[in-house]
Amino acid sequence: MIVAQQKPLEEIRQMVRGFRRLLVLGCGTCTTVCFAGGEKEVGLLSTSLRSVLGQEIEIEEAVVQRQCEWEFLDQVGEAVGRAEAVLSLGCGVGVQGIGERYPGVVALPGLNTAFMGLTEAPGIWGERCMACGDCLLHRTGGICPVARCAKSLLNGPCGGVQDGHCEISVDNPCAWVLIYDRLTQQGRVEQLEEIIPARDWKASHSGGPRRIVRPDLRDMVGEEV
Ligand code: SF4
Ligand code: SF4
């Protein structure tokens, strides 16, 4: 899931100042699961904003299943139409989705989008993927060195590993120790003898936003690629 955290109330208060009608819009998928932007958080934040802003602002509340798809954003068209600004409790994609679908309204981010990760334990989330565009999990025992090694080393560990921990932070296990242990457990440790070639990071991460176009799906809806 995409993991996010609510911005400090004071930052949000400054952001919404001057607007008279605000829609606080939650997202029913990732940010609900990480307790940052679901129905409960929409209610709590709206109550807090009403108490600090008083009569200055009229606040409406809504939640859509996903802010990153038009079909769900279309369901709140009337509520968006009544608002001067929409405070999104979705991820950064959701905020931009609102802006693209409703360009006449000001879309504001109520959350800080952090990473793609897993719930490790109640109240603890950890990063697992950086969307590098060239997944190598089949070579690393299903553990991502791009996201989980502090240096994104493709052939680790580095000399900084200490007692299984990363030199950058003792709170983090070394990703390459995790990979070694997992491959050992699976009886596939010889996999580590294969050197993973250097990547062309420039090719995968430059040139602006990435897109995926599926000609087969475009064909199905009768539209050109
Ligand atoms: S290698 Fe890591 S960062 Fe890249 S796609 Fe796979 S999990 Fe994500
Ligand atoms: S100690 Fe391990 S996780 Fe930390 S930077 Fe070195 S190889 Fe990466």
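The following dialogue examines how several descriptions of this predicted model are justified.

Visitor: Why are the strands S3, S2, S4 and S5 called an open sheet with edges?
Guide: The four strands are arranged in the order S3-S2-S4-S5, and their pairing is parallel. Strand S3 (58–64) and S5 pair on one side only, and they are therefore the edge strands. From one strand to the next, the twist averages 25°.

Visitor: How do you know that S4 is paired with S5 and with S2?
Guide: Two strands count as paired if there are at least two bridges between them. S4 and S5 run parallel and are joined by 4 bridges, and S2 and S4 pair in the parallel sense over 5 bridges; the criterion is therefore met. Leucine 87 illustrates both pairings: its bridge partner in S5 is leucine 108, and valine 24 stands opposite leucine 87 in S4.

Visitor: What makes S4 a mostly covered strand?
Guide: A residue is buried if 20 or more other C-beta atoms lie within 10 Å of its own. In S4, 5 of its 5 residues are buried. Ala85, Leu87 and Leu89 point one way, Val86 and Ser88 point the other way, and all are buried. In a regular strand the side chains alternate between the two faces of the sheet.

Visitor: Which helices lie across this sheet, and at what angles do they run?
Guide: Helix H3 (residues 39–53) lies across S2, S3 and S4, running at about 170° to S3. H6 lies across S2, S4 and S5, running at about 175° to S5. Angles are taken between N-to-C directions on a scale from 0 to 180 degrees, so these values describe helices running nearly opposite to the strands named.

Visitor: Why are the buried residues of H6 said to line one face?
Guide: In helix H6 (residues 92–101), the residues Gly94, Val95, Gly97 and Ile98 are buried. Seen down the axis of H6, these buried residues fall within an arc of 160°, so they line one face of the helix. Their cover includes strand S2 (21–27), helix H4 (70–73), strand S4 (85–89) and strand S5 (106–109).

Visitor: What makes S1 and S7 the edges of the other sheet?
Guide: That open sheet has 3 strands in the order S1-S6-S7, with antiparallel pairing. Strand S1 (2–6) and strand S7 (124–129) each have a single partner strand, so one side of each is left without a neighbour in the sheet. The twist averages 70° from one strand to the next.

Visitor: How do you know that S6 and S7 are partners?
Guide: Strand S6 (residues 111–121) and S7 pair in the antiparallel sense over 5 bridges, and at least two are required. Leucine 118 stands opposite glycine 126 in S7.

Visitor: Which residues of H8 are buried, and what do they pack against?
Guide: In helix H8 (residues 175–185), the buried residues are Ala175, Trp176, Leu178, Ile179 and Tyr180. They pack against helix H7 (145–148) and strand S9 (169–173). Just after H8, glycine 187 takes a positive phi of about 70°.

Visitor: How do the shells around ligand 1 and ligand 2 divide by residue class?
Guide: The shell around ligand 1 divides into 10 nonpolar, no polar and no charged residues. Among them are Cys129, Cys132, Cys135 and Cys144, and cysteine counts as nonpolar in this classification. The shell around ligand 2 divides into 11 nonpolar, 2 polar and 2 charged residues. Of the 15 residues around ligand 2, Cys149, Gly156, Cys158, Cys166 and Cys174 come nearest.

How values were computed. Residues numbered from 1 in each chain as written. Chains lettered and ligands numbered in written order. Predicted model: local features only at pLDDT ≥ 70, side-chain atom pairs only at ≥ 80, totals over all residues. Near = placed C-beta within 6 Å. Buried ≥ 20, exposed ≤ 12 C-beta atoms within 10 Å, placed from the backbone. Helix = DSSP H or I, 4+ residues; strand = E, 2+ residues; numbered from the N terminus. Arc of directions from axis to C-beta. Contact = placed C-beta atoms within 7 Å.
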